[in-house]
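I open these notes to record what I looked up in the model, entry by entry. I begin with a single residue and work outwards from there.

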Amino acid sequence: QTLKGKGTVLLGPSTALTINGLLSPGNSPGLLTYDGGGTVALSGTTLMEVWGTSRGANPGYDAIDLINGTDLIFGGILNLDFNQTFANSTSFNLFTPDGTSTLAGNFSAITMVGSSYTDLTFTNNAGVWETNTGAANTSMSFNSATGTLSIIVVPEPSTLALAGLGLAAAAFASRRRRRCP
């Protein structure tokens, strides 16, 4: 089965909702809110479209809000659908709990679908999913504790070497000035 769309799903305080099929928030993309307490467990596939930088809007990216004591337990597979690349340090708040709600658990895998970032592969490191560095010196990180996906541009080795040489030269010049009267 597929749970798709935008709006609010009202849960009771003791409701335990398990999604074994496909969860696809929004309407290419959009915002889905879980309200009223209870627990939502993701056991199937969660598809998050990341098509822009506006949260829960079209064009933008899918998002899930948890309010009024609703808890979300990650499980199953997270599919990230990108239709473009994004600038360094761009972050996407995919899953956002309010002060009374929590995020728990972990996905079993994160995969890329769509036309962008197909050269990146996620691996799990204690709840923080990180990718290899792709062709454009780009990598990603998804933090299960915060529900945030971040784009990271890794500097070229030559850039790091030049920065190191510049710092060494500045330190040498500073040291030399102190010795001269």
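**Entries on one strand residue and its surroundings**

I looked up Thr18 first and found this residue in strand E3, where helices (H or I, at least four residues) and strands (E, at least two) are DSSP runs numbered from the N terminus. I keep in mind that this is a predicted model, in which local features need pLDDT of at least 70 and side-chain atom pairs count only at pLDDT 80 or more, while totals for chains, interfaces and linings use all residues. Residues are numbered from 1 along each chain as its sequence is written, and side-chain values use heavy atoms, with hydrogens and water left out.

I then checked accessibility: Thr18 counts as partly exposed because its relative accessibility is 43%, given that buried means under 20% relative accessible area, exposed over 50% and partly exposed in between (1.4 Å probe, protein chains only).

Which residues does Thr18 touch, leaving aside its neighbours within four places in sequence? I noted Ala41 and Ser43, with contact taken as heavy atoms within 4.5 Å. Ala41 is also the bridge partner of Thr18 in E6. For Leu42, 24 residues from Thr18 along the chain, I noted a C-alpha separation of 6.1 Å.

**Entry on the sheet**

I followed the pairing outwards: E3 and strand E6 (residues 39–42) pair in the parallel sense over four bridges, where two strands pair if DSSP finds at least two bridges between them. Both belong to an open sheet of four strands with parallel pairing, in the order E3-E6-E9-E13. At its edges I find strand E3 (16–19) and strand E13 (102–105), each of which pairs on one side only.

**Entry on the core**

I looked next at the largest nonpolar core, which has 33 residues; such a core is a set of buried Ala, Val, Leu, Ile, Met, Phe, Trp, Tyr and Cys residues joined through side-chain atoms within 4.5 Å. Leu80, Phe95 and Phe142 have the most contacts inside this core, and strand E10 (residues 77–82) gives the most to it, with three residues.

**Entry on the whole chain and its confidence**

I recorded one helix and 18 strands for the protein chain, and of its 181 residues 40% count as buried. Among contacts between residues at least 6 apart in sequence, 62% join residues at least 24 apart.

Finally I checked pLDDT, the predictor's confidence in each residue from 0 to 100: the chain mean is 88, and 85% of the residues reach 70 or more. Over residues 158–162 pLDDT stays under 50, and there the model has one contact beyond four places in sequence.
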